[in-house]
Amino acid sequence: MKPCHYLHLILLCTLLSPFSSAAPNEENASENTLVIANTFSNTSWEDKALSDDAYADPYQISLFSTPHGEDGERLWSQTKSVAWYGIGVAGFLALLPTDITNWETSDERLIEKWWDNVRQGPVWDRDAWYINYIGHPYFGGVYYQSARKSGYRQWDAFIYSALMSTFYWEYGIEAFAEVPALQDLVVTPVLGWVYGEWAFNQEREIILGGGTVWGSAALGDTALFFLDPVDSIGRGINQLVGKQVVIAGTGYVGIKEVSLPNGSSETQVKINLRYAMGNGKGNSTKARSDMYNSAGIEDPVDFGIVGFSVGSVYLNLDESWGLENGWAPTFSLGLYFTPQFSSRLSYSRGEMKEKTSAERVVYENYSVDLQYYFNADNDFRPYISAGLGEALKDQDRDIKTAQVNAGFGVYYKLDRNWALQLSWHHYYGTKFSANDDLASGQLIYRFGAGEH
């Protein structure tokens with residue numbers, strides 16, 4: 001198992017505490033029940049009375065200015081908690097045998113390896129599919145909810161998730177173990193947005209429904225626990241005693257050396273949960289439910305801008321590849337910012353015949369592209385596209401080339417969630433001076449409410 005997989009498995013045991021609230025200060029703890037409930041369960045963008053200027057610039061980033069009453073102090077507390085998890089996990093891995101982790105034991109070699117990995121990236125990694133496309137979105141959803149439950153709207157929560165997944169994880173902790181991955185840089189925050197918003201709203205629905213799922217309180221408690229374990233433990237204690245005893249929770253990984261009677265020592269790893277205690281006034285369950293009863297407002301940017309596509313591409317490859325032309329599956333994950341602009345990560349992979357041996361080898365092509373659409377007010381939209389990426393043969397990093405591409409296509413909106421797309425792109429490989437042409441047809445799905 002790769003070192004980064006150990007990181008994922010260990011963090012999976014402790015990461016969900018960012019869903020919980022940051023510990024309140026003493027003066028908050030002595031205020032009325034409603035304030036305590038908001039401290040415990042946090043606020044959301046939809047719970048606020050906002051002025052019209054909140055929508056003047058839908059893509060304005062408020063993470064560092066909090067103009068609409070966002071709880072920046074709580075988010076900073078959550079950020080520090082997540083950072084401490086990473087330090088604890090990194091320390092734990094550094095204590096494991098090097099034949100397990102492949103980490104260098106000396107500090108100098110460790111920093112040297114981190115720098116080497118950073119300089120080589122990003123690359124298209126070969127981690128298991130469930131790590132890249134289930135594990136990473138799940139972690140992205142964790143970062144996302146840290147901001148979302150601190151009162152930030154979806155766009156700000158997505159930006160926070162992107163910053164954390166890029167600088168804290170890919171170019172931070174995980175870079176000690178492996179080269180940063182291009183698809184992880186995109187998939188973690190983008191699909192984390194989709195999962196995080198889904199989990200956020202599922203919790204709201206369960207609370208508003210009296211804490212039951214399919215009429216069962218047991219299923220409701222189970223669902224809430226998996227959506228937010230630390231918060232659920234605190235809520236369970238309050239329900240047990242009938243008072244607001246637990247206000248907020250945090251968790252962290254602890255590592256220390258313990259001396260044994262025989263003179264030797266052992267390393268102990270502890271998973272710690274810490275709760276801030278309230279004054280026992282009120283009942284958190286009802287207050288929490290009242291907090292979720294809001295008229296609701298439409299977020300200026302929601303996760304409906306996230307789109308996923310699947311289709312088929314015809315690869316007309318340069319002679320320098322030594323491969324026959326043919327068809328291959330293609331996929332993309334993108335953000336459709338407005339009817340005029342979008343950005344996508346595209347990936348194509350096919351088993352092509354070598355011209356000399358007739359053996360089949362893998363050809364891969366991936367790129368990050370920008371699109372501009374004409375006729376944006378209508379369902380039928382021609383567009384132009386350009387981007388950067390790489391192509392490689394047989395997963396051999398020595399037989400790869402950086403590429404620039406440009407092309408055009410047509411986008412046809414079927415409804416708010418579904419669209420069809422036909423495109424043609426020309427790719428120029430800088431290493432081999434290769435000229436490749438790719439023509440594709442794809443079906444696009446927009447998440448959530450889709451196109452506004």
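I started with a pair near the end of my list: arginine 446 and glutamate 451 are both buried. Their side chains meet in a salt bridge, 3.8 Å from N to O. I followed the partners onward and found Arg381, Arg446 and Glu451 joined into one network by salt bridges that share partners. A reminder to myself: this is a predicted model.

Next I looked up the total, and the structure holds nine salt bridges. I picked out lysine 149 with glutamate 203, whose side chains meet at 2.8 Å, N to O. This pair links distant parts of the chain, 54 residues apart. Lysine 149 sits in the loop between helix H7 (129-148) and helix H8 (154-173), while glutamate 203 belongs to helix H9 (residues 182-208). I checked burial for this pair too: lysine 149 is buried, and so is glutamate 203.

Then I took arginine 153, which forms a salt bridge with aspartate 156. The closest N and O atoms are 3.5 Å apart, and both residues are buried.

Last, I turned to the surface. Which residues form a nonpolar patch there? I noted Phe308, Val310, Phe331, Phe380, Tyr412, Leu414, Trp418, Leu420 and Leu443, with about 780 Å² of accessible area together. Strand S3 (306-316) and strand S9 (418-429) each supply at least two residues of the patch. Leucine 443 is found in strand S10 (residues 434-446). I wondered why leucine 443 counts as partly exposed. Its relative accessible area is 34%, so it falls between the 20% limit for buried and the 50% limit for exposed. That value also clears the 30% cut-off for patch residues.

Technical notes: Residues are numbered from 1 along each chain as its sequence is written. This is a predicted model: local features need pLDDT of at least 70, side-chain atom pairs count only at pLDDT 80 or more; totals for chains, interfaces and linings use all residues. Side-chain values use heavy atoms; hydrogens and water are left out. Patches are made of residues with over 30% relative accessible area and no salt bridge: like charges are joined within 9 Å, nonpolar side chains (Val, Leu, Ile, Met, Phe, Trp, Tyr) within 5 Å. Accessible areas come from the Shrake-Rupley method with a 1.4 Å probe; for residues, only the protein chains shown count as cover. A salt bridge is a side-chain nitrogen of Lys or Arg within 4 Å of a carboxyl oxygen of Asp or Glu. Helices (H or I, at least four residues) and strands (E, at least two) are DSSP runs, numbered from the N terminus. Buried means under 20% relative accessible area, exposed over 50%, partly exposed in between (1.4 Å probe, protein chains only).
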